[in-house]
Amino acid sequence: MPRTALRICPLCEATCGLTLTIEGTAVTGARGDRDDVFSRGFICPKGAAFGALDADPDRLRTPLVRRDGRLREATWEEAFEAIATAVPALVREYGAQSVGVVLGNPNVHTMAGNLYPPLLLKALGTRNFFTASTLDQMPKHVSSGLLFGDPFAIPVPDLDRTDFLLLLGANPVESNGSLCTAPDFPGRLKALRARGGTLVVVDPRRTRTAKLADLHLAPRPGSDALLLAALAHTLLAEGLAAPGALEERTEGLGELADALARFTPEAVAPACDLTAAEIRDLARALAAAPTAAVYGRIGSCTVEYGTLASWLVDVLNILTGNLDRPGGVLFPLPAAGPRPRPAGPGKGFTLGRWLSRVSGHPEAKSELPIAALAEEIETAGEGRIRALVAIAANPVLSAPDGRRLDAALAGLDFMVSIDPYLNETSRHAHVVLPPPPPSQSAHHDFAFNGFAIRNQVRYSRPAVPLEEGRLDECEIHARLVLAVSGTYGTADPSAIDEMVIHGVLAKETADPRSPLHGQDPARLAGLLTGENGPERRLDLMLRLGPYGDLFGAGSAPQAGPGGGEAADAGAGAGTGTRTGTGTRTGTGECAGGSGSEGLSLERLLAHPHGIDLGPLRPRLPGVLRTRSGGIELLPDPITAELPRLRAALADRPAALVLVGRRHLRSNNSWLHNVPALTGGSNRCTLQVNPEDAGRLGLTEGGLARITADGGSLEVPVEVTDTVRTGVVSLPHGWGHDRDGARLSVASAVPGANVNQLLDGSRLDPLSGTAVLNGFPVELTPLP
């Protein structure tokens, strides 16, 4: 008889609750969980295809080890012994920097990917750390770090209560949102308008999101920072700025007008390809709204001035008094984050604590630009990367100049991949460790609850028992840590989790400010519940978190606006939630809500549809960790970058530039091997405006050669007026045409890798993020 099981969807940032239909050990259906406290039954095509992804016959089921130049099936012991032999030996001979670590976007969609990479990095001792953040969201981490002192303190729009939403470079109707975890984003946008609110979308394409808007502006790609600067200038010049209570907490407000003096609407309009009147009208509407939220994403991050654009988004939220305000933008408070501690000055945020070896790129948030990975492998000398650990990463498709990186990976002495597929990157590995399918894994969203538009907590145990011959993904990671540290075979993998638990409790009980001060760490560890180490770690984080039961030491401290702040959650000393593309889950004040008192794993398991912890609440000044203890509106790296933006006012724009696009039934390169998610609009076509097509001699369905810094591609043309003139659009994540990959569905319709048009030289200098949007291209029709 079929049965049902609950599962949080791991396929995008919306984190919707699913109800799976299971026959035997096969997932035969998936629908939205109507009782889920967050998603309330919403589901998108990705979630509906959960079973097809789970059962994909191309998923690897056993480890692969390279022997005589070929990857062959091996036992788990053989795979880890190969790692334990190779990696420590390379470190002994060439040093810790000879090993690089790359984390891909899917890491933040798994428990293992959040809990163990910090331990892996600590075991290796390497600074050669790269993640998908420098292809996506790093500008927002950097701007938040500079403004608030914490790169993980990212405010999110209060979608369900705002009166005015300004979206830049975001298409959440198709992406389901990013750095803003919100199931049913389309429904929430429609609800905004239904209650009389206003939606403004700034995007060079008339996306499905733009079609819902009250106002759609289509500026020239890459001009987001100029537009935002002109909006801020207008608010200041016309006396429309009203920061309210934020004024006493913000340094640099008085100097901001001078810093932005050159960015008048008239000066900016030609570069944006908008009128000065359009810019002024938007600024005035933003200022007049009872509440408002400004939100920018991929399109405003992966451009030349991505960090400045991200900074200016929050400058606008501050100037209008909408930062940390219901209906504006607020800081989430996730259940697995640290509990409140007193507010006050912190360590602040520093860029460039070390530089990359070859080109001298500054680190940001302990990461180096992934665009620099190839040169760090290719270039001889001390510190050259000779071994690579790639976890759920496919940078051959996601990073600039995949051909160069492809060749560089082939020259590594040793490579390990944790990946369910033999894809364009993992085919180079000497050892491939395949995790089980999602149905056989537990799930809690450590990362995305730190961006959720409502505080809530949910946990899914595996819906299907672990298949014989498989290892749990958390055990794979734990064994990898032992293997690279040279202790494989001398300790049980569970010792990794126990080490973390005892380390956190030792620190907690030694802290005079903690309610657990002076207690016995071993006794407290014995009170934890859970079927395995990862569950015990989750229980620990929930108990110590802002809603936790604190092992019965007293209820979690309540704090309203202006309340406490958590200790430096580098206390990820083992909670493991501070990694690459993920987040260090929230810090700060406890908020009330149904079932929020005395939270533990046991209590959470008693609520299979989750526990609602209430709407987001103001949290300033508690979240601020700047050296001053306030919001630092004009930090030195920003003021040093503004002259470069001013110089852009005189730039002569390119005749034709390229932007990417998202597909509802895809997520980067992940899902192109699932038949149910292919076809239809999910196609790799070059969208061209009819006017440009006519001028260039391009026809619908014909081929064009597109050329940029990194080379040329041949792509099919789609003529459409949804993209403005002077702009073409090609989606990200395609290019499944390399020998040795085992992606039978994706390789049948490989598409073209848009990032091959880039050579990696175009970066946002503050964040090291690759410029993937708004770069110049040339088009030539092909027969």
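Where is the place of N176 in this structure? The model on the screen is predicted, and the tour begins by selecting this residue. N176 sits in the loop that joins helix 7 and helix 8.

**Stop 1: N176 and its surroundings**

With N176 selected, display the residues around it. Leaving aside residues up to four places away in sequence, N176 touches C12, A14, F42, C44, K46, A182, F185 and L664. Is N176 buried or exposed? Its relative accessibility is 3%, and because buried means under 20%, N176 counts as buried.

**Stop 2: D184, in the loop between helix 7 and helix 8**

Next, select D184, which lies in the loop between helix 7 (172-175) and helix 8 (185-194). Its phi is near 55°, a positive value in a residue other than glycine. With a relative accessibility of 26%, D184 counts as partly exposed.

**Stop 3: T15**

Move now to T15, located in the loop between strand 1 (3-8) and strand 2 (17-23). T15 is not a glycine, yet it has a positive phi of about 55°. The relative accessibility of T15 is 1%, so this residue counts as buried.

**Stop 4: the open sheet**

Select the strands of the sheet in turn. In what order do the 7 strands of the open sheet stand? The order is 5-4-17-16-15-6-7, and the pairing is mixed. At the edges are strand 5 (70-73) and strand 7 (129-131), each of which pairs on one side only. From one strand to the next, the twist averages 15°. In general, the strands of a sheet pair through backbone hydrogen bonds, either parallel or antiparallel.

For one pair within this sheet, select residues 387-391, which form strand 15, and residues 414-418, which form strand 16. These two strands pair in the parallel sense over 5 bridges. Within the pair, I391 stands opposite I418 in strand 16.

**Stop 5: two helices across the strands**

Add helix 3, residues 76-94, to the display. Helix 3 lies across strand 4 (64-67), strand 6 (99-103), strand 15, strand 16 and strand 17 (431-433). Relative to strand 17, helix 3 runs at about 125°.

Then add helix 18, residues 473-484. Helix 18 lies across strand 15, strand 16 and strand 17, and its angle to strand 16 is about 160°.

**Stop 6: a cis peptide bond**

Finally, select L620 and P621. Which form does the peptide bond from L620 to P621 take? The bond is cis, with omega near 5°. P621 belongs to the loop between strand 19 (611-615) and strand 20 (631-632).

Technical notes: Residues numbered from 1 in each chain as written. Predicted model: local features only at pLDDT ≥ 70, side-chain atom pairs only at ≥ 80, totals over all residues. Heavy atoms only, no water. Helix = DSSP H or I, 4+ residues; strand = E, 2+ residues; numbered from the N terminus. Buried < 20%, exposed > 50% of the residue type's maximum accessible area, 1.4 Å probe, protein only. Contact = heavy atoms within 4.5 Å. Pairing = 2+ DSSP bridges. Axes fitted to C-alpha atoms, helices over the stretch in contact; angles between N-to-C directions.
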